[in-house]
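Student: I would like a close look at the strand pairing in this model, and then at what surrounds it. Please take one pair as the starting point and build outwards from there.
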Amino acid sequence: MKNLKKLLALLVTGLMLIAAAGCGDSAGSGSASKAASGSGSGGKQITMGFSQIGAESEWRTANTESIKQAAKDAGINLQFSDAQQKQENQIKAIRSFIAQGVDVIAFVPIVETGWDTVLKEAKDAKIPVIVVDRDVKLNDDSLYVAKIGTDSVAEGKKVFNWIDEYMAKQNKQPRSGNQYNVVILEGTVGSSVAIGREAGFKDAMAAAQDGSKYNILASQTGEFTRQKGQEVMESFLKSDRDKIDILFAQNDDMALGAIQAIEAAGLKPGKDITIISIDGVKGMFQAMIEGKSNCTVECNPLQGPLLMETAKKVLNGESVDKLVYVDEGIFPADVAEKTLPERKY
Ligand code: GZL
């Protein structure tokens, strides 16, 4: 009889221990471990296939770091692919993600077009796709579930409007003739950002009170790199050294390359030639502190956390906004020194 009682007591204790372990799971640590493990609705860890375009600029490096860190923080298994600036490598990577059966695909489209076929393959494989940073032009927008990016048209408008205000405030006279001659270093040909930034700049110029004060003297791609930006600026200076009033570089890296070309030509960047660019990377803040550039329009690369949050929502069957823009500011040279310490990229 005594043994039976002992057996019963052991049984009850065992059952209580199992119950305690189970409810601890459902209450706190369960959802925490779920979040930490980055698990989808099925409870297994989420695997994300991510196709990045390359490492062409300080901005891109910061974008990659943000995505890798956010995946780690979210407990998401990231399959990362670097396309070395080639669309065909991105398409190959997306196809391999489909073959692997990842839970979700995210990618930065290097150019706007040429994605319909491979995104249809992802849709047929029932793998949701999230577009990051740049934009895509598709015949069927149902081929992606969400787009997290930056408003390149607004960035282009901010550039022109800041220039127009600055030239008036500084009461600058054109270096030759009666118009301000502008040269433009464009980003990657065919990319939504290069197209959008140019369109925004020109729309604002057309809408300006006296946009005819400006003449676009030359415009050429510098491929978003410092090296190419320097080379193209050298060619602009070769033909129009004493005519150029303004440089609009579509990213900071090309502007930093152009500054070297302007100095080599015996001119003062930021003084003889007014310079404005887009991104807001630390290297540009340093150049503005040195008086070599005049303004940078922010384009925020820190899109990782929003991407991971969106991926989890999609996989949990929650609704998500089709398009989300990250916040962006504008930083003239006179705030560079006090702002640099708080910059995150
Ligand atoms: C902008 C991003 C651009 C940056 C460049 O959203 O796609 O690509 O402006 C980067 O620096 O190379």
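Which residue stands opposite Val 297 in S10?

Tutor: The residue opposite Val 297 in S10 is Ile 278. Before going further, note that this is a predicted model, in which local features need pLDDT of at least 70 and side-chain atom pairs count only at pLDDT 80 or more, while totals for chains, interfaces and linings use all residues. Residues are numbered from 1 along each chain as its sequence is written, and side-chain values use heavy atoms, with hydrogens and water left out.

Strand S9 (residues 274–279) pairs with S10 in the parallel sense over 4 bridges, where pairing requires that DSSP finds at least two bridges between the strands. Along S10 (residues 295–298), Cys 295 and Val 297 point one way and Thr 296 and Glu 298 the other, and all of them are buried, that is, under 20% relative accessible area with a 1.4 Å probe and protein chains only, against over 50% for exposed and partly exposed in between. In a regular strand, side chains alternate between the two faces of the sheet.

The chain holds 11 helices and 12 strands, these being DSSP runs numbered from the N terminus, of H or I over at least four residues for helices and of E over at least two for strands. An open sheet of 6 strands has the order S2-S1-S3-S4-S5-S11, with parallel pairing. Strand S2 (77–82) and strand S11 (323–325) stand at its edges with a single partner strand each, so one side of each is left without a neighbour in the sheet. Direction ignored, neighbouring strands of this sheet are turned by 15° against each other on average, with axes fitted as lines to C-alpha atoms (for helices, over the stretch in contact) and angles otherwise running from 0 to 180 degrees between N-to-C directions.

At one edge, strand S1 (residues 47–52) is joined to S2 by 6 bridges in a parallel run, and Ser 51 faces Ser 81 in S2. Helix H3 (residues 87–100) lies across S1, S2 and strand S3 (104–107), running at about 170° to S1.

Towards the other edge, strand S4 (residues 129–133) runs parallel to S5 and is joined to S5 by 4 bridges, with Ile 130 opposite Ala 146 in S5. S5 in turn runs parallel to S11, over 3 bridges, and there Gly 149 stands opposite Tyr 325. Ala 146 and Ile 148 point one way from S5, whereas Lys 147 and Gly 149 point the other way, and all are buried.

Lys 147 repays a separate look, as a residue of strand S5 (residues 146–149). Its relative accessibility is 11%, which is why Lys 147 counts as buried. The side chains of Lys 147 and Asp 135 are joined by a polar contact of 2.6 Å, the term covering a pair of N or O atoms within 3.5 Å, of which, within protein, one must be able to donate a hydrogen and the other to accept it, and residues adjacent in sequence count only if both atoms are side-chain atoms. Leaving aside neighbours within four places in sequence, Lys 147 is in contact (heavy atoms within 4.5 Å) with Val 131, Arg 134, Asp 135, Lys 322, Leu 323 and Val 324.

For the chain as a whole, buried residues make up 50% of the 345 residues. Of the contacts with a separation of 6 or more, 74% are between residues 24 or more positions apart.
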